[in-house]
Amino acid sequence: MSRLYLVTGFLGAGKTTFLKGFLKMFPGERIHVIVNEFGKEGVDGELLREVGAVLDEINNGSIFCSCRLDRFEEVLASVLGTEPDVIVVEASGLSDPTNVKKILGQKDKFPGVEYRGSICLADAVNFRKVYETARVVKKQINVSDMILLNKTDMVPAEQAEQVKQMIRAQRPDLPVHLTSYGRIEPEWLKQMERAQSAGAGSTGADSPEAIFQSADITLRKGLLYINRDISLEKLQKFVEMFIEDTYRVKGFVCLQGQWYLTDCVGNMFHAQECRPKEQSDNALVVLSGYGLPVRKSVKKAMEWYPDVVEKYDFH
């Protein structure tokens, strides 16, 4: 049997950082990672390759949505054929994993899976905003077997406690562990596995719903195609004008001959030099939600910095 762990958490909660440490908890075991990255740029998947685990990426939509479920089942069946000891599935931050148990419970398709539970990362800095504007956050919590309240080093203790109480109000039975940099203690994992074995795991996954899930209609997505001749400093000033009205701004961009991986969450702009990415559109993906005035703030930023964006597309 292959032990399977599901990792969820909204955009920017720290899933990639968590995974790099989590995979080290299985020394000497054969590990296969399935990464579900939103959008066609597999940014997180590229960074995960350095940990040395076998990796598959499923892009362009949530693996639990009807548009990608067939692909996920195909990949999972193929992975099981290699008989790994551990399978780790990182779901897109936009995914609704309500029916994960129903999907994995198809013993005719996946006879070799032993589901060990869902670990959900929550961002202590931005939790309130995403909890109030993105419905999938509640669904991810509902199927979780453990919450890691991440980035607690970046907020006052009172704010971390308030977030913890918000989570407890929805799931009073759920273990919530405060952490930073996505760290998980071995004992937390053992506690989750014992609860899962005893049948005290997530509640929402067993609701009588069809397997197929629909996309989150509250999501707002935009693409900003960036002028290659501008400086990184100008891009930062441009993005900082609207970043607080987004869930995340992310993508590979080439500026004045240098490639950058740009990944911005909350009000934090972050860009690091990287190797050129083939077939990149030189675009930033802007993800926001209902009630956040991202279109208005992006338009204002484009008025202030008219040479930054060559074209844009908002859905």
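The paragraphs below lead through a predicted model, beginning with its sheet and ending with its largest cavity.

The sheet is an open one of seven strands, which follow one another in the order S3-S2-S4-S1-S5-S6-S7 and pair in the parallel sense. Because strand S3, residues 54-57, and strand S7, residues 176-178, each have a single partner strand, they stand at the edges, and one side of each is left without a neighbour in the sheet. From one strand to the next, the twist averages 20 degrees. Strands of a sheet pair through backbone hydrogen bonds, in either a parallel or an antiparallel arrangement.

Strand S5, which spans residues 113-123, is a useful place from which to read the pairing. On one side, strand S1, residues 2-9, runs parallel to S5 and is joined to it by eight bridges, with Gly 9 standing opposite Leu 121 of S5. S5 is also joined by five bridges to strand S6, residues 146-150, again in parallel, and here Cys 120 stands opposite Ile 147 of S6. How much of S5 is buried? Ten of its eleven residues are buried, so the strand is mostly covered, where buried means under 20% relative accessible area. Moving on from S6 towards the edge, S6 and S7 are paired in parallel over three bridges, and within this pairing the bridge partner of Leu 148 is His 177 in S7.

Helices pack on this sheet as well. Helix H1, residues 15-22, touches S1, strand S4 (86-90), S5 and S6, and its direction makes about 155 degrees with that of S1. Helix H7, residues 157-170, lies across S5, S6 and S7, and runs at about 165 degrees to S7. S5 is thus named among the strands touched by H1 and among those that H7 lies across.

The last feature to consider is enclosed space. The structure holds one cavity of 30 Å³ or more, and the space in the largest cavity comes to about 150 Å³. Its lining is made up of 19 residues, and those that lie nearest the centre are Phe 10, Ala 13, Asp 123, Phe 127 and Val 130. Which element gives the most to this lining? It is S5, with four residues, while S5, helix H5 (127-133) and helix H6 (135-142) each supply at least two. Sorted by class, the lining of the largest cavity has 13 nonpolar residues, four polar residues and two charged residues.

Key: Residues numbered from 1 in each chain as written. Predicted model: local features only at pLDDT ≥ 70, side-chain atom pairs only at ≥ 80, totals over all residues. Heavy atoms only, no water. Buried < 20%, exposed > 50% of the residue type's maximum accessible area, 1.4 Å probe, protein only. Pairing = 2+ DSSP bridges. Axes fitted to C-alpha atoms, helices over the stretch in contact; angles between N-to-C directions. Contact = heavy atoms within 4.5 Å. 1 Å grid on protein atoms, 1.4 Å probe; cavity = no way out; pocket = protein on both sides within 12 Å on 5 of 7 lines; lining within 4 Å. Points joined across faces, edges and corners; volume = space filled by probe spheres on them. Nonpolar A, V, L, I, M, F, W, Y, C, P; charged D, E, K, R; others polar.
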